[in-house]
Amino acid sequence: MTALLILTAALFAGLALALVFATLAARWRIAVGLTPVEHALIAAAVQVGWGLTAGDWIAGGVMGVLLFVGREHAQAEYRYINAHGGSRHATPREPAIGCLHPRYWSTGSVLDIVVPAAVCLAIGVIAHAVV
């Protein structure tokens, strides 16, 4: 019964966040696709899966979000390398550090991390209150 309640709450949290995201993106004219919503659903699935099997909802949320932190960091590394001639050895500093400059992060890249983090936080709070 508890698992069903948590899954229902997670579904409603994800749908509500997707609605808020779509409304704000349209209002502020942010040119972002649906990838933040897709990433949020994947992160929520990881969190719910880990929470139901291991019982640790926070660790599941952290794992779900860290998937996309790593993905966006790698994409920023590629943008950093391409901005400096396309060769990893031509960059002024190590790409893993140089890509942290805000110049290499778009609004979509930031939202691809923030939206899943917000959904996983909501699910974690709901699960912590219920379980």
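The questions and answers below go through a predicted model and ask how its descriptions follow from computed values.

Q: What makes up the protein chain, in helices and strands, and in which order do the elements run?
A: The protein chain of this predicted model has five helices and zero strands, and from the N terminus on its elements run α-α-α-α-α. Buried residues make up 34% of the 131 residues in the chain. The chain exposes about 7,800 Å², of which carbon and sulfur atoms supply 70%.

Q: Why is Ala 44 called buried?
A: The relative accessibility of Ala 44 is 9%, and a residue counts as buried when this value is under 20%, so Ala 44 belongs among the buried residues. Ala 44 is found in helix α2, which covers residues 35-54. Not counting residues up to four places away in sequence, Ala 44 touches Val 119, Cys 120 and Ile 123. The C-alpha atoms of Ala 44 and Gly 60 are separated by 8.4 Å, with their positions 16 residues apart along the chain.

Q: How do you know whether Ile 58 is buried or exposed?
A: Ile 58, which lies in helix α3, has a relative accessible area of 54%, and because exposed means over 50%, Ile 58 is classed as exposed. Together with Val 62 and Leu 66, Ile 58 makes a nonpolar surface patch of about 280 Å².

Q: Why is Ala 118 called partly exposed?
A: Ala 118 has a relative accessibility of 34%, a value that is neither under 20% nor over 50%, so the residue is placed in between, as partly exposed. The place of Ala 118 is in helix α5, and its C-alpha atom is separated by 9.4 Å from that of Val 65, although the two residues are 53 residues apart along the chain.

Q: What makes Val 65 a buried residue, and which residues is Val 65 in contact with?
A: Val 65 is at 15% relative accessibility, and since the limit for buried is under 20%, Val 65 counts as buried. Its place is in helix α3, and, leaving aside neighbours within four places in sequence, Val 65 is in contact with Ala 43, Pro 116, Ala 117 and Cys 120. Val 65 and Ala 44 are 21 residues apart in sequence and 8.8 Å apart in space, taken from C-alpha to C-alpha.

Q: Why are the rings of Tyr 80 and Tyr 104 called an edge-to-face pair?
A: The ring centres are 5.2 Å apart, and rings pair if their centres lie within 6.5 Å, so the two rings form a pair. Their planes stand at 90°, and because an angle over 60 degrees counts as edge-to-face, that is the name the pair receives. By this rule the count comes to one aromatic pair. Tyr 80 lies in helix α3 (residues 57-83) and Tyr 104 in the loop between α4 (95-98) and α5, so the pair ties together parts that are 24 residues apart in sequence. Both Tyr 80 and Tyr 104 are buried.

Q: How do you know that Arg 71 and Glu 72 meet in a salt bridge?
A: The N to O distance between the side chains of Arg 71 and Glu 72 is 2.8 Å, and the rule asks for a nitrogen within 4 Å of a carboxyl oxygen, so the two side chains meet the condition. A search of the whole structure finds one salt bridge. Glu 72 is buried, with a relative accessible area of 0%, whereas Arg 71, at 37%, counts as partly exposed.

Q: Why does Asp 112 have no salt bridge?
A: The nearest side chain of opposite charge, Arg 71, is 4.2 Å away from Asp 112, and because a salt bridge has to be within 4 Å, Asp 112 has none, yet Asp 112 is buried. Asp 112 lies in helix α5 (residues 107-130). Leaving aside neighbours within four places in sequence, Asp 112 is in contact with several residues, among them Thr 35, His 39 and Arg 71.

Methods:
Residues numbered from 1 in each chain as written. Predicted model: local features only at pLDDT ≥ 70, side-chain atom pairs only at ≥ 80, totals over all residues. Heavy atoms only, no water. Helix = DSSP H or I, 4+ residues; strand = E, 2+ residues; numbered from the N terminus. Buried < 20%, exposed > 50% of the residue type's maximum accessible area, 1.4 Å probe, protein only. Lys, Arg positive; Asp, Glu negative; His and termini not counted. Contact = heavy atoms within 4.5 Å. Phe/Tyr/Trp six-rings, centres within 6.5 Å; stacked < 30°, edge-to-face > 60°. Patch = residues over 30% accessible without salt bridge, like charges linked within 9 Å, V, L, I, M, F, W, Y side chains within 5 Å. Areas by Shrake-Rupley, 256 points an atom, 1.4 Å probe, with all protein chains shown as cover.
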